[in-house]
Amino acid sequence: MSERNLYQVLLSLILLTVSISISCTGSRDSTATNTAPNEIPRVSSPADEVFDGQKVVKSEDEWRAYLSPEAFYVLRQEGTERPYSGKYEKNKEPGDYYCAACHLKLFSSKAKFESGTGWPSFFEPVNEKNIVEVKDDSLGMERIEIECARCGSHLGHVFEDGPKPTGLRYCMNSVSLTFEPSH
Ligand SMILES: [Zn+2]
C-alpha cells in the first residue's frame with residue numbers, strides 16, 4: 001500500500017468514527033437527565049418508588065460491565081470514595097437520589113444536610129423498605145452498612161450522630177447515587 005493510500009484509509013476511518021459518534025449522540029433518549037459515564041439514562045417508573053420485593057440480580061461480571069470502575073468498586077466491592085471527591089456532597093438542588101445500580105429511589109433532597117464529612121448525608125431514607133442495614137465489622141470498627149434493598153449494592157453507612165428529627169446520619173457515596181432534580 002502506498003503512503004497516499006494509507007493516508008486515505010486512515011482519513012476514512014476517522015470520518016467513520018466521527019459519524020458513528022454523532023449518530024449515537026443524536027439517538028440518545030432525550031428525556032434522560034443524567035449524563036455521567038456511570039449512569040445509564042432511564043426514565044423513572046412507579047416500581048422505583050418503593051421496593052416491591054422484586055430483586056435485581058446480576059452476576060458480578062455483569063455489574064462490572066454495566067458500571068464505571070469507580071461505581072463498581074464502591075457499589076459491588078463495598079469501597080468508599082475519597083471524601084470531598086463526590087459530585088453530590090455539595091448538591092443543594094431539590095430532587096431525589098436513586099440507586100446508581102438499579103434506580104430504586106433512596107433519598108430526598110429534603111432529608112439532606114451538611115455534615116461536613118465530605119460525603120452526601122441524609123437524616124432518613126425515602127422509605128425504610130428501600131434500604132437494608134447490615135452489620136459491618138471491617139476496618140476494626142463496628143458500623144452499620146447500608147445496602148440497596150433491590151440490588152444489594154453498597155451505598156454507605158449509617159451513624160447515630162445526625163440531626164433532628166431522626167438523629168441519624170446516612171453517610172452515602174456520591175458514586176452510589178444518581179440525582180434527578182424535581183421539576
Ligand atoms: Zn439498587
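The following paragraphs go through this predicted model from its overall layout to its strands, its third helix and its nonpolar core.

The protein contains three helices and nine strands. Along the sequence these elements follow the pattern α-α-α-β-β-β-β-β-β-β-β-β. The chain has 183 residues, of which 31% count as buried. Among contacts in the protein with a separation of 6 or more, 59% are between residues 24 or more positions apart.

Strand pairing can be taken next. Strands of a sheet pair through backbone hydrogen bonds, either parallel or antiparallel. Here six strands make up an open sheet with the order β3-β4-β8-β7-β6-β5, and the pairing is antiparallel. Its edge strands are β3, residues 112-113, and β5, residues 131-136, each of which pairs on one side only. Within this sheet, β6 (residues 143-148) and β7 (residues 154-159) are joined by four bridges in the antiparallel sense. One position to look at in this pair is isoleucine 146, which stands opposite glycine 156 in β7.

Strand β1 has pairings of its own. β1 spans residues 95-99 and is mostly covered, with four of its five residues buried. Five bridges connect β1 to β9 (residues 177-181), and the two strands pair in the antiparallel sense. Tyrosine 97 has phenylalanine 179 in β9 as its bridge partner. β1 is also joined to β2 (residues 105-108), by three bridges, and this pair too runs antiparallel. Aspartate 96 faces serine 108 of β2 across the pair. The hairpin of β1 and β2 has five residues between the strands, and histidine 103 in this hairpin takes a positive phi near 70°.

Helix α3 comes before these strands in the sequence. It covers residues 69-77, and Ala71, Phe72, Val74 and Leu75 in it are buried. An α-helix has 3.6 residues a turn, so residues three or four places apart point the same way. The cover over the buried residues of α3 includes helix α2 (60-66) and strand β7. Glutamate 70 also lies in α3. Is glutamate 70 buried or partly exposed? Glutamate 70 counts as partly exposed because it has 17 C-beta neighbours inside 10 Å, whereas a buried residue needs 20 or more. The C-alpha atom of glutamate 70 is 9.3 Å from that of serine 176, although the two residues are 106 residues apart along the chain. After the helix comes glutamate 78, which has a positive phi near 55°.

The buried nonpolar residues can be considered together. In soluble globular proteins, nonpolar side chains tend to be buried together. The largest nonpolar core in this model has 33 residues, and the members that touch the most others are Cys99, Ala101, Leu104, Leu106, Cys148 and Leu177. Two or more residues of this core come from each of α3, β1, β2, β6, β7, β8 (169-172) and β9. With four residues, α3 gives the largest share.

Leucine 177 shows how one of these core members is placed. Leaving aside neighbours within four places in sequence, leucine 177 is in contact with Tyr88, Tyr97, Tyr98, Ala100, Leu106, Pro120 and Met172. Of these residues, Leu106 is itself among the core members that touch the most others, and Tyr97 is the β1 residue whose bridge partner is phenylalanine 179.

Key:
Residues are numbered from 1 along each chain as its sequence is written. This is a predicted model: local features need pLDDT of at least 70, side-chain atom pairs count only at pLDDT 80 or more; totals for chains, interfaces and linings use all residues. A residue is buried if 20 or more other C-beta atoms lie within 10 Å of its own, exposed if 12 or fewer, and partly exposed in between; C-beta atoms are placed from the backbone. Two residues are in contact if their C-beta atoms, placed from the backbone, lie within 7 Å. Two strands pair if DSSP finds at least two bridges between them. A nonpolar core is a set of buried Ala, Val, Leu, Ile, Met, Phe, Trp, Tyr and Cys residues joined through C-beta atoms within 7 Å.
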